[in-house]
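Biologist: Hi, I'm new to this one and could use a quick tour. Can you put it on screen so we can talk it through?

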Amino acid sequence: MTAALIAAIHYLGVMLIAATLLVEFLTLKGGLSRPLLDRLVRVDVLYGLAALAVLITGFLRITVAYGKGPAFYMQSMVFHTKVGLFIVMGLISIVPTIRFLRWRKAAAAGQPLPTAQSIDGTRKLVLVELHILFVLPFLAAIMARGLM
């Protein structure tokens, strides 16, 4: 039962990451207001918590025998690719997070809202994260079947 719960939390975390990235992407489509900046920051915190849940449950699935065991994962190039892409997503996500926080702070201080160019650049980074996330389930399916 514990293994199923860990797996479920892992999958729900991935779905929550997808949902939060989609909300960020869509929110960045139009002009921003102070309430939208507040929403972006809250959604981004949720994104971070979901990513943390995926990391913790993923680690448990590898090390505590809730998955196929460490030997299976460590010898799999697909697993290493998945982890590498997840790390790349995390690194990319730093830029939007910093921007959201700066934009909100500036708006609270009465400074102008971000330019359309800055918003568009941030939106593109979120889109890259979504594309990377889209690849991960395919890699997981390949890995689970021992195809590579």
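Biologist: So are α4 and α5 roughly parallel or roughly antiparallel to each other?

Modeller: In this predicted model, the axes of α4 and α5 cross at roughly 160° and come within 9 Å (axes are lines fitted to C-alpha atoms, for helices over the stretch in contact, with angles from 0 to 180 degrees between N-to-C directions). The two helices are therefore roughly antiparallel to each other (over 145 degrees; under 35 would be roughly parallel, 65 to 115 roughly perpendicular and the rest oblique).

Biologist: Is the crossing of α4 and α5 left-handed or right-handed?

Modeller: α4 and α5 make a left-handed crossing (the near helix is turned anticlockwise from the far one by less than a right angle; clockwise would be right-handed).

Biologist: What classes of residue make up the contact of α4 with α5?

Modeller: That contact has 23 nonpolar, five polar and three charged residues. Nonpolar here covers Ala, Val, Leu, Ile, Met, Phe, Trp, Tyr, Cys and Pro, charged covers Asp, Glu, Lys and Arg, and the others, Gly among them, are polar.

Biologist: Stepping back, how many helices and strands does the chain have?

Modeller: The chain has five helices and zero strands (DSSP runs numbered from the N terminus: H or I of at least four residues for helices, E of at least two for strands). Starting at the N terminus, the order of elements reads α-α-α-α-α.

Biologist: And what box do the C-alpha atoms of the chain fill?

Modeller: Along the principal axes, the C-alpha atoms of the chain fill a box of roughly 55 × 30 × 20 Å.

Biologist: Okay, over to α2 and α4. At what angle do they pack?

Modeller: α2 packs against α4 at about 155°, and their axes are 10 Å apart. That is why α2 is roughly antiparallel to α4. The crossing of α2 and α4 is left-handed.

Biologist: Which residues make the contact there?

Modeller: From α2, they include Leu37, Val41, Tyr47, Val54 and Ile62, and the α4 side includes Phe79, Phe86, Met89, Phe100 and Trp103 (contact means heavy atoms within 4.5 Å). By class, the contact of α2 with α4 splits into 16 nonpolar, two polar and four charged residues.

Biologist: One more pair! How far apart are the axes of α1 and α5?

Modeller: The axes of α1 and α5 lie 9 Å apart, and the helices pack at an angle of about 155°. So α1 is roughly antiparallel to α5. α1 also passes α5 in a left-handed crossing.

Biologist: Which residues of α1 and α5 touch?

Modeller: α1 brings Val14, Ile17, Ala18, Leu21, Leu22, Glu24 and Phe25, while α5 brings Arg123, Val126, Leu127, Glu129, Leu130 and Leu133.

Biologist: How many of the residues in the contact of α1 with α5 are charged?

Modeller: Three are charged, 10 are nonpolar and no polar residue takes part.

Biologist: Anything I should know about the numbering and the model?

Modeller: Residues are numbered from 1 along each chain as its sequence is written, and side-chain values use heavy atoms, without hydrogens and water. As a predicted model, local features need pLDDT of at least 70 and side-chain atom pairs count only at pLDDT 80 or more, while totals for chains, interfaces and linings use all residues.
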